[in-house]
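User: I'm new to this structure and would like a close look at one part of it. Could you walk me through the inside of the fold and then work outward from there?

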Amino acid sequence: MAEYQDDNIFAKILRDELPATRVFEDDDTLVFMDIMPRADGHCLVIPKTPCRNVLDASPEQLASVMNTVQKVSKAVMKGLDAEGVTIQQFNEAPGGQEVFHLHFHILPRRQGDVLRPPGQMGDLDQIAAVADKIRKALD
Ligand code: 5GP
């Protein structure tokens, strides 16, 4: 498997070299909105320390990220009035991974909804408004 490269987009977001709509952070993890949301409230949970994906992550990185995945999943249920949550995670390009810093997708769902196709830029104002609702539900 390839080595971790610190020029990936999420590493740049962590270093504040690229903007992101941040929702939550603690000592070990960061949550920000996906810029191409497949559902309203689509956000990403990443560790603050480097690893490509589940295959090279330490038990500590996985534990801290999953703890945050659960916390934010509960917040989207409450803050966005979601009825369910889809959690996605991809490993290496053949596994569907495009950004090589470990991340979990949180996709708020409602009965009968259909995910938007990947790769469609979202409306930044709308993403910011949804992020605000998630933040409030975390408080
Ligand atoms: P994956 O690697 O799991 O296939 O997906 C990477 C995700 O990162 C995609 O859902 C994509 O929309 C998102 N993404 C790609 N570039 C950026 C970016 O610059 N900012 C943010 N916030 N998300 C991004």
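Analyst: Here is a walk from the core out to the surface, with a few stops along the way.

Keep in mind that this is a predicted model. Let's start with the nonpolar core. The largest one has 22 residues, and V23, V31, M33, V72, I106 and I134 have the most contacts inside it. Several elements pitch in: β1 (22-25), β2 (29-33), β3 (43-47), α2 (59-79), β5 (104-109) and α3 (124-138) each supply at least two residues. Helix α3 gives the most, with 6 residues.

V31 is a good place to stand and look around. Setting aside neighbours within four places in sequence, V31 is in contact with T21, R22, V23, F24, C43, L44, V45, T68 and V72. There's also a second, separate core, made up of 7 residues, and L30, F32, L44 and I46 are among them.

Now for T29, which sits in strand β2. Is T29 buried or exposed? T29 counts as buried because its relative accessible area is 0%, and the cut-off for buried is under 20%. What surrounds T29, leaving out neighbours within four places in sequence? The list is F24, I46, P47, K48, S64, V65 and T68. Take P47 from that list: T29 and P47 are 18 residues apart in sequence, yet their C-alpha atoms are 4.4 Å apart in space. T68 deserves a second look too, since the side chains of T29 and T68 make a polar contact at 2.7 Å. You've met T68 before, as one of the residues in contact with V31.

Next stop, Q61. This residue belongs to helix α2, and with a relative accessible area of 10% it is buried as well. Beyond its neighbours within four places in sequence, Q61 is in contact with T49, P50, C51 and D56. With T49 there is a polar contact between the two side chains, at 2.9 Å.

Time to turn to the charged side chains. A search of the whole structure turns up 10 salt bridges, and here are some of them. R15 and E17 meet through their side chains, at 2.8 Å from N to O. How open are these two partners? R15 is partly exposed at 40% relative accessibility, and E17 is partly exposed too, at 48%.

R22 pairs with D16 in another salt bridge, where the closest N and O atoms are 3.5 Å apart. R22 is partly exposed, with a relative accessible area of 24%, whereas D16 is exposed at 60%. This pair also belongs to something wider: salt bridges with shared partners join D16, R22, E25 and K48 into one network. Two of those names tie back to earlier stops. R22 is in contact with V31, and K48 is in contact with T29. A further salt bridge links the side chains of D113 and R109, at 2.9 Å from N to O. D113 counts as partly exposed, at 30% relative accessibility.

Out on the surface, there's a nonpolar patch as well. I35, M36, M121 and L124 form it, and together they have about 380 Å² of accessible area. Within this patch, M121 lies in the loop between β5 and α3. M121 is classed as exposed because its relative accessible area is 55%, and exposed means over 50%.

Last, a look at the backbone in two loops. Most residues other than glycine have a negative phi. D81 is not a glycine, but its phi is positive, about 55°. D81 is found in the loop between α2 and β4 (84-88), and at 52% relative accessibility it counts as exposed. E92 also has a positive phi, about 65°, without being a glycine. Where is E92 located? E92 lies in the loop between β4 and β5. In contrast to D81, which is exposed, E92 counts as buried, at 17% relative accessibility.

Notes
Residues numbered from 1 in each chain as written. Predicted model: local features only at pLDDT ≥ 70, side-chain atom pairs only at ≥ 80, totals over all residues. Heavy atoms only, no water. Core = buried A, V, L, I, M, F, W, Y, C linked by side-chain atoms within 4.5 Å. Buried < 20%, exposed > 50% of the residue type's maximum accessible area, 1.4 Å probe, protein only. Helix = DSSP H or I, 4+ residues; strand = E, 2+ residues; numbered from the N terminus. Contact = heavy atoms within 4.5 Å. Patch = residues over 30% accessible without salt bridge, like charges linked within 9 Å, V, L, I, M, F, W, Y side chains within 5 Å. Areas by Shrake-Rupley, 256 points an atom, 1.4 Å probe, with all protein chains shown as cover. Salt bridge = Lys/Arg side-chain N within 4 Å of Asp/Glu carboxyl O. Polar contact = N/O pair within 3.5 Å; in protein donor to acceptor, adjacent residues only side chain to side chain.
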